[in-house]
Amino acid sequence: MARQMTQITMEELVSLCKRRGFVFQSSEIYGGLSSAWDYGPMGVELKNNIRDFWWREMTQYYDNIVGLDAAILMHPRVWEASGHVESFTDPLVDCKGCKQRFREDNVLEENRVSRTCPECGGELTEPRQFNLMFKTHIGPVEDAGSIVYLRPETAQGIYVNYKNVMQTSRLKIPFGIAQIGKAFRNEITTKNFIFRTCEFEQMEMQYFVKPGEDQKWFEYWKEQRWEFYRKIGIREKKMRYHQHGPDELAHYAKVAFDIQYEFPFGWKELEGIHNRTDYDLRRHTEYSGKDLSYLDDVTRERYIPYIIETSAGLTRTVLTVLSDAWEEEKLEDGETRSVMHFHPEIAPITVGVFPLVKKDGLPEIAKEIEQKLRVDFTTFYDQSGAIGRRYRRQDEIGTPYCVTVDYQTREDRTVTIRFRDSMDQIRVRIEDIATRIKQEIATYRRVE
Ligand code: GAP
């Protein structure tokens, strides 16, 4: 089959995501809230599947990594200790002409050398530091004493709980604590769809190690995290590592590597792997007055553990998967089809089930098959319209397998399974469908 592929543009992706129920603009009927997005029926399945895959990979497959779900609101001293109140800032510039506000690094990126307004070419002010944390108040009195922040990273919930978790789970170093949850940043740059938003989800794992063994574990996690993206089907040719230079390092990091992806708007960070040293636990010891050291009960050594952090954006991974999976294919017969090549493990729907026609007992058989397949897979039953159109609809939302019941099914209890990527079809017995699909998922490879 001759196929010609094109890379999706951001505009096309936004429109497809809306049309097929992946992502909607937040509060759309009121004109939308910039930088906030809602996940529709397909989007929430995709996001949950990526989340569950990460959770399995990062907790279930390790004896020494456990989970946590900490509150979004934390004691305000946490953010003083972590350095976020003082240092979690972006340099912002204002245009003296059109009054718009930009991040200085983005202006330089867009305009290369000149420091002028990207919108109107006007003169810009000197940069001012702007803290990215959202502030709100807890309790009925809105005074300085009631300020709390919406967490800008999930990590701190892990650090302040590390002794609770270690003691209750009887863990010994090295061990990890994993968490998935919302984080909030008052981001000024609001373009590029769900890439950078004010409210987003992180999947973070903090690995507590002995000082001196940190480099070894850093290398280990750097590789494991690359593997994760490969396993969820991201093409490796679109991924690369990027080491942070001294001017890029976050205030807590000694060494940091990003895994970057080549989005339609260029190479950008997908995940950060950081050696945070003993910075966070030392600062929390100082600010809380509590002893956060670790005692090795064999060697009797006492030390503050070093932390290797793997910090991924769940919502950003959704964008990565969507941009990576989409293709517009020109087929041999001159037709085009739009297809999402999601890895079957994360596809919103795994199996579509159709009767060839809406009569002669075929819908009843198809419904019965779909009911059985539901136990193992996310399924979708569709009997409306021509069969070719039904396949195309499933291609566009990335359903890897479609089962069709036809007249032959009535005679010999066999159905066809049609494969999304190759569009090939095979015939199998009804009782073999689930086993065959499980085999296909386990051995899936995207062919390019
Ligand atoms: N705890 C470390 C930390 O938060 P980060 O590099 O600032 O590190 C980690 O963020 C990941 O979180 C990023 O690689 C990205 O995937 C995601 N992320 C950060 N800010 C985001 C935003 N405004 N919108 C969407 N995802 C974001």
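**View 1. Polar contacts of the ligand with E204, E269 and T197****.** In this predicted model, a polar side-chain atom of E204 sits 2.5 Å from a nitrogen atom of the ligand. An oxygen atom of the ligand is 2.6 Å from a polar side-chain atom of E269. T197 uses a polar backbone atom, 2.8 Å from a nitrogen atom of the ligand. A polar contact is a pair of N or O atoms within 3.5 Å. The protein buries 94% of the 560 Å² that the ligand exposes when taken alone (Shrake-Rupley method, 1.4 Å probe).

**View 2. The shell around the ligand****.** The ligand is surrounded by 21 residues, each with a heavy atom within 4 Å of it; E153, T197, E204, E269 and E309 are the closest. Ten residues of the shell are charged (Asp, Glu, Lys, Arg), five are nonpolar (Ala, Val, Leu, Ile, Met, Phe, Trp, Tyr, Cys, Pro) and six are polar (the others, Gly among them). Strands β11 (199-209), β14 (266-275) and β17 (306-313) each give at least two residues to the shell, and β14 has the largest share, five residues. Strands are DSSP runs of E, at least two residues; helices are runs of H or I, at least four.

**View 3. Packing of helix α1 on helix α10****.** The axes of α1 (residues 10-19) and α10 (residues 314-325) lie 11 Å apart at an angle of about 105°, which means that α1 is roughly perpendicular to α10 (65 to 115 degrees). Axes are lines fitted to C-alpha atoms over the stretch in contact, and angles run from 0 to 180 degrees between N-to-C directions. M10, L13 and C17 of α1 meet L319, L322 and S323 of α10 (heavy atoms within 4.5 Å). Five of these contact residues are nonpolar, one is polar and none is charged.

**Notes.** Residues are numbered from 1 along each chain as its sequence is written. Local features need pLDDT of at least 70, side-chain atom pairs count only at pLDDT 80 or more, totals for chains, interfaces and linings use all residues, and side-chain values use heavy atoms, leaving out hydrogens and water.

Notes:
Polar contact = N/O pair within 3.5 Å; in protein donor to acceptor, adjacent residues only side chain to side chain. Parallel < 35°, antiparallel > 145°, perpendicular 65-115°, else oblique.
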